[in-house]
Amino acid sequence: MAELDIGKHCQVDSCNLKFLPFVCDSCSGVYLEHRSREAHSCPESTSYLCSFEDCKGKELLPVLCPQCEKHFCLHRHQDDHKCEKLEVQKPRMAATKELVQKILESKDGSKSKGRRGAKNAATAAKVALMKLKLHAAGDKGLPQTERTYFQVYLPKEAKECSRPMFFSSKWSVGKVVDYAASTASLKNNNNVLTAKKLRLCHPETGQALQMDDSLLSLLAHPDAPLHNGGNVILEYLDNECTGLEDVSDYIAQT
């Protein structure tokens, strides 16, 4: 009885095993364990080298950066491969500065015409908020819709007078105090019973804000609200002290 001649031999010289055929869809060669393009060094397989410095990664399909149009592997995102065109993504900062300048010029013009009152106050508040947004320090992971900006006036013993910062409107006053202290490298002994406590105070009344109140509730306070883009005061107070006696020591009165 004649033997059935079923199968093909692997075309890799060092292999030559016989098996049911697997045909490479690129070079049409027949392989078993060497069926991947890399394993049999497929002559028809194109690979794309990563353009990132010192990276030897390859991709079988092109992965192009839409900005610099170079090939990358895991470095496909602009930040990862330090894309030379990354700067084109920052026009909003220049636009914001231009808008601030226009509002400032508009404010000066209204002064020359003698206009005063609520309109000027609203314009000033917008200008203050935009200035803070340009320079404020904070958690970059916070959603824009949650960010609340303040010019934080620091304790008298601090090296700086104030710093612009932003916080989540969902945070409690206590968390705001801890974050501001960390950002400004201030000593924070609020967990020490006998130590002076770092407190956040209202910029007009000087009253120390309750540590468990949320910023959201204080922004909506009917009597003495805080203002997004406004001021707050950070100071060390004795345990029995309920606030500051004179806020003019911190914030220049206009």
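## A walk from strand β9 to the segment after β10

Start with β9 and strand β10 (residues 230–237), which run antiparallel to each other and are joined by five bridges. Strands count as paired here when DSSP finds at least two bridges between them. Helices (H or I, at least four residues) and strands (E, at least two) are DSSP runs numbered from the N terminus. Within this pair, select K197 and look across to β10, where L237 stands opposite.

The model is predicted, so local features need pLDDT of at least 70 and side-chain atom pairs count only at pLDDT 80 or more, while totals for chains, interfaces and linings use all residues. Residues are numbered from 1 along each chain as its sequence is written, and side-chain values use heavy atoms, with hydrogens and water left out.

**The whole chain**

Zoom out before going on. The chain has four helices and 10 strands. Followed along the sequence, they come in the pattern β-β-β-β-β-β-α-α-β-β-α-β-α-β. There are 254 residues, and 35% of them count as buried; buried means under 20% relative accessible area, exposed over 50% and partly exposed in between (1.4 Å probe, protein chains only). Among the contacts with a separation of 6 or more, 41% are between residues 24 or more positions apart, a contact being heavy atoms within 4.5 Å.

**The sheet**

Now colour β8, β7, β10 and β9. These four strands, in the order β8-β7-β10-β9, make up an open sheet with mixed pairing. Its edges are β8 (162–168) and β9 (197–201), each of which pairs on one side only.

**T148 in β7**

Which strand holds T148? Select residues 147–153: this is β7, and T148 is part of it. T148 has 2% relative accessibility and therefore counts as buried. Show its surroundings, leaving out residues up to four places away in sequence: T148 touches M165, F166, F167, S169, L215, L219 and N228. Then draw a distance from T148 to G229: the two are 81 residues apart in sequence, but their C-alpha atoms are 7.3 Å apart.

**Helix α3**

Move to α3, residues 173–183. Which of its residues are buried? They are V173, G174, V176, V177, A180 and A181. These residues lie on the same side of α3, because they cover an arc of only 160 degrees around the axis; the arc is taken from the directions from the helix axis to the C-beta atoms. In an α-helix, residues three or four places apart point the same way, because there are 3.6 residues a turn. Turn on the neighbouring elements to see what covers the buried residues of α3: β8, β9, α4 (215–219) and β10 are included. After α3 comes S185, with a positive phi near 55 degrees.

**The aromatic rings**

How many aromatic pairs does a search of the whole structure find? It finds five. Rings of Phe, Tyr and Trp (its six-membered ring) pair if their centres lie within 6.5 Å; planes under 30 degrees apart count as stacked, over 60 as edge-to-face and the rest as tilted.

Show the side chains of F150 and F167. Their ring centres are 6.3 Å apart and their planes are at 35 degrees, so this pair is tilted. F150 belongs to strand β7 and F167 to strand β8, so the pair ties together parts that are 17 residues apart in sequence. Both ends of the pair are out of reach of the probe: F150 is buried, with a relative accessible area of 0%, and F167 is buried, with a relative accessible area of 0%.

Keep F167 in view and add Y179. The centres of these two rings are 6.2 Å apart and the planes are at 85 degrees, so the pair is edge-to-face. This pair links strand β8, which holds F167, to helix α3, which holds Y179, and the two residues are 12 residues apart. Y179 is partly exposed, with a relative accessible area of 25%. Add W171 to complete the group: F150, F167, W171 and Y179 form one aromatic cluster.

**Last stop: G243**

Follow the chain into the segment after β10 and select G243. Is G243 buried or exposed? G243 counts as buried, because its relative accessibility is 15%. Apart from neighbours within four places in sequence, G243 is in contact with G206, Q207, A208 and L237. L237 is also the residue opposite K197. Finally, draw a distance to H202: G243 and H202 are 41 residues apart in sequence and 8.5 Å apart in space, C-alpha to C-alpha.
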